[in-house]
Amino acid sequence: MRQLVITSGKGGTGKTTVTAGFLALAWRAVSADADVDAPNLHLLLHPKVLEEKGFKGAKTVVKDPELCTECGKCEEHCRFQAIQNLTPDPFRCEGCGVCAYVCPVGALKLEEVETGRSIVSRTKYGPFSHARLYIGAEASGKLVTEVRKNAEKLGESEKLIIIDGAPGIGCPVIASLSGTDLTLIVAEPSVSGLHDLERVLGVARHFGVDALVCINKYDLCPEMTGEIAHYCLRENIDLIGKIPFDPAVLDVMEQERSVESLLQTEAGKVIEKVWDNVISRLFPDGRETL
Amino acid sequence: MRIAISATGKDLNAYVDPRFGRCAYLLLVNPETLECEAVTNPGRTVGGGAGIKAAQEVVNQGVKELITGQCGPNAFGILAAGGVKIFQAPGEMVRKVLELYQQGELSELTVPGPSRPGPQGWGIR
Amino acid sequence: MGYQVIISVLSGKGGTGKTTVAVNFAFSLAAKGGDGVLLLDADVEEPNAGLYLKPTLEEVVPVSVPVPEVAKERCNYCGICADFCQFNALAIIPGAILTFPELCHGCGGCSLVCPVEAIQEKPREIGRVEKGRADFLEIWQGCLNVGEAPPVPVTRKLKEGLPRQKGKIIIIDVPPGASCPVVEAIRGSDYAILVTEPTPFGRHDLEIAFQLVQQLGIPHGVILNRAGTEDRAEADNIIEELCSTYKVPILLKIPFSPHLAALGAKGVLFSKVIPYWQEQFSQILSKIKERCSCANS
């Protein structure tokens with residue numbers, strides 16, 4: 001089983017659109033949405049939910065008001081201003097447990113809380129593992145790991161897992177990259193796009209993940225496209241495609257038409273070429289394996 | 001003398017898990033008799049400091065040798081302080097890796113791998 | 001409304017143009033003169049408002065958290081501190097104690113629980129607040145050091161010394177998403193501007209952002225970026241419908257244009273080179289002020 005993850009240093013570069021295109025081209029692969037903070041892939045795949053589970057990803061303090069004597073020691077010792085007027089604030093609580101320790105009557109307890117939900121679904125293109133992080137929750141890296149684990153379970157007898165990666169370079173993106181075979185970085189031709197490409201490439205190299213680059217909406221800024229191409233050359237990374245800005249893609253999305261009709265657009269045709277390149281890198285012995 | 005192996009499963013047919021801190025199980029194996037005990041890695045489910053938890057477990061188990069894939073500086077520090085030697089193994093089946101170990105084919109890890117990279121500030125320039 | 005006005009700019013997802021809106025809005029208000037404008041870049045993991053504004057640095061304030069320092073001669077290796085620490089920042093092995101300051105959140109628990117008083121605390125720098133200026137605009141930026149985990153202390157420090165001055169306008173560029181650093185950044189705001197784009201993705205993430213600001217009770221409005229132009233005007237329906245369901249006003253539409261996109265890509269402020277946009281952005285403020293005073297009275 002091989003694992004491909006589509007990443008981008010920043011959000012909004014077209015990562016999810018490319019992922020969906022790949023899923024339609026692969027026809028049968030397991031898919032996973034590792035962008036648990038702002039998941040979007042399900043909007044294109046129209047999944048049928050098979051199983052949904054609460055995910056306990058963090059500890060937070062819970063108060064038993066019956067026991068509280070209002071001594072105020074918790075408030076005095078909390079370094080995060082997470083207890084105000086003797087009431088714990090779950091958004092601010094870091095789960096350190098100091099308040100529970102200083103409470104003389106045991107009215108405060110550290111408890112594991114649900115920070116999101118992990119979901120397993122079926123789609124036209126194969127099984128799909130995804131999740132949703134609750135608003136204001138933390139520790140999304142752990143939920144990403146859960147999504148990956150579910151995908152691996154679903155994909156035991158499959159050849160390929162395609163993961164829509166988390167944006168950025170922090171904990172969630174590390175959790176979505178580590179242990180995969182190849183990453184396709186979708187870059188945007190802008191100053192910040194190049195900067196973010198450099199950083200995500202650093203993470204990929206650190207984890208020994210082979211990387212390819214494609215530029216989305218390349219014609220919106222030919223100068224920066226040129227700079228990114230230069231950068232790839234210098235870094236010895238293959239730039240395998242330049243996808244044009246194509247309003248037809250937006251139309252497909254707005255009208256919620258199928259992913260197949262996305263592939264009929266000009267941009268879709270380039271996505272198909274990019275896919276061929278990705279597949280020959282993932283399966284050098286030939287694509288009949290798929 | 002038992003050795004520890006980071007593994008994906010509970011027995012010798014499992015694979016060596018290349019991630020030390022986040023591996024599913026720590027196998028405690030007697031390389032002579034191939035007797036094997038599986039311990040759930042306490043680092044697997046923590047938010048941060050997984051390598052620290054796993055390394056502390058290895059030291060507490062009293063083993064002096066560990067076979068794994070990658071080991072970050074935090075875990076490396078604890079293992080070094082606890083006098084544990086680290087051998088690097090390919091992600092093969094544990095049984096196969098034990099053979100390589102017996103034949104002296106595994107190389108010792110003497111410097112820690114890079115720690116997990118974090119975000120970089122941009123800075124006003 | 002108090003002395004100053006705090007306006008947060010956020011978006012449920014990345015890449016909608018949140019930073020573009022924040023910097024153009026702040027610049028346009030500052031260019032009008034009069035009230036002092038302060039832009040706070042609270043995207044401490046990836047602060048890039050500076051990319052557009054190229055400010056000169058005037059002051060650097062270090063941000064630190066207290067981390068444990070163990071007096072080895074006192075420590076009896078009992079392990080109570082390591083058991084207590086939820087972040088695994090301490091480890092005990094026979095005859096030694098090791099600390100891992102980069103994992104420490106600075107809760108002070110270890111020194112509290114130590115039965116032999118072997119643990120003191122010392123400050124450890126995890127980032128900095130950089131204060132600078134670009135023309136008339138004042139800019140403060142939080143910056144988390146490489147490899148540090150918790151961004152929230154930097155966000156807190158950034159917001160700690162906010163000037164309480166009548167007429168001051170403070171604009172906060174919030175990190176993307178809806179997780180805990182976002183909550184910390186927008187807490188205490190008088191108003192929130194939610195930036196989105198007319199796609200199903202934009203709508204989905206905007207809805208999450210609506211729920212977030214409503215939970216926190218912050219009045220809010222929407223700026224629709226990359227809006228449909230004449231031939232694709234119906235594209236905006238997807239956001240307009242959601243806004244009318246939630247009864248949220250659309251403050252401004254910025255149409256998609258290859259020209260604006262190219263300026264942004266090169267790091268150029270379009271409100272600086274196109275007076276029309278400077279005017280549009282400055283008008284947002286009066287709309288916001290109206291809504292805030294309605295909400296307060």
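In the predicted model, the bridge partner of B:Phe87 in strand E6 of chain B is B:Glu108. This pair belongs to a meeting of two strands: E5(B) and E6(B), the latter made of residues 107–108, are joined by two bridges and run antiparallel. On the E4 side of chain B the sense changes, for E5(B) (residues 85–88) pairs with E4(B) (residues 65–68) in the parallel sense, over four bridges. Within that pairing, B:Leu66 has B:Ile86 in E5(B) as its bridge partner. Between these two strands the chain passes through helix H2 of chain B (residues 73–81), and the resulting β-α-β crossover from E4(B) to E5(B) is right-handed.

These strands can now be placed in their wider setting. Chain B holds an open sheet of six strands, in the order E3-E2-E1-E4-E5-E6, and the pairing is mixed. Its edge strands are E3 (36–40) and E6, each of which pairs on one side only. At the E3 end, strand E2(B) (residues 25–29) runs antiparallel to E3(B), with five bridges between them. Here B:Leu27 stands opposite B:Ala38 of E3(B). A helix also lies across part of this sheet: H1 of chain B (residues 50–60) covers E1 (3–7), E2, E3 and E4 of that chain, and runs at about 20° to E2(B).

Chain C offers a second sheet to follow. This open sheet has nine strands, ordered E3-E6-E7-E2-E8-E1-E9-E10-E11, again with mixed pairing. E3 (56–70) and E11 (250–255) of chain C stand at its edges; each has a single partner strand, so one side of each is left without a neighbour in the sheet. From one strand to the next, the twist averages 20°. Inside the sheet, E6(C) (residues 119–134) and E7(C) (residues 137–144) run antiparallel and are joined by eight bridges. One of the bridge pairs links C:Ala134 with C:Leu137 in E7(C). Helix H1 of chain C (residues 18–31) lies across E1 (5–10), E2 (37–41), E7, E8 (169–173), E9 (191–196), E10 (220–227) and E11 of chain C, and its direction makes an angle of about 165° with E8(C).

Helices also meet one another in chain C. The axes of H7(C) (residues 200–216) and H8(C) (residues 237–246) come within 9 Å and cross at roughly 20°. That angle is why H7(C) counts as roughly parallel to H8(C). Their crossing is right-handed. From H7(C), the residues in contact are C:Pro200, C:Gly202, C:Arg203, C:Leu206, C:Glu207, C:Phe210, C:Gln211 and C:Gln214, which meet C:Ile238, C:Ile239, C:Leu242, C:Cys243 and C:Tyr246 of H8(C). Sorted by class, the residues of this contact are eight nonpolar, three polar and two charged.

One residue of H7(C) deserves a look of its own: C:His204 is found in this helix. Its C-alpha atom is separated by 8.4 Å from that of C:Gly12, although the two residues are 192 residues apart along the chain. Which residues does C:His204 contact, leaving aside its neighbours within four places in sequence? They are A:Pro39, A:Asn40, A:His42 and A:Leu43.

Chain A, which supplies those partners, has helix pairs as well. In one of them, H7(A) (residues 191–206) and H8(A) (residues 222–235) have axes that come within 10 Å and cross at roughly 25°. The two helices are therefore roughly parallel to each other. H7(A) passes H8(A) in a right-handed crossing. On the H7(A) side, A:Val191, A:Leu194, A:Leu197, A:Glu198, A:Leu201 and A:Arg205 take part, meeting A:Met224, A:Glu227, A:Ile228, A:Tyr231 and A:Glu235 in H8(A). This contact has seven nonpolar and four charged residues, and no polar ones.

Another pair in chain A is H1(A) (residues 15–26) with H11(A) (residues 266–282), whose axes come within 10 Å and cross at roughly 70°. H1(A) and H11(A) are therefore roughly perpendicular to each other. Their crossing is right-handed. A:Val18, A:Gly21, A:Phe22, A:Leu25 and A:Ala26 of H1(A) meet A:Ile271, A:Glu272, A:Val274, A:Trp275 and A:Val278 of H11(A). By class, eight residues of this contact are nonpolar, one is polar and one is charged.

How values were computed. Residues numbered from 1 in each chain as written. Chains lettered and ligands numbered in written order. Predicted model: local features only at pLDDT ≥ 70, side-chain atom pairs only at ≥ 80, totals over all residues. Heavy atoms only, no water. Pairing = 2+ DSSP bridges. Right-handed = clockwise from strand over helix to strand, strands pointing away. Axes fitted to C-alpha atoms, helices over the stretch in contact; angles between N-to-C directions. Parallel < 35°, antiparallel > 145°, perpendicular 65-115°, else oblique. Left-handed = near helix turned anticlockwise from the far one by under 90°. Contact = heavy atoms within 4.5 Å. Nonpolar A, V, L, I, M, F, W, Y, C, P; charged D, E, K, R; others polar.
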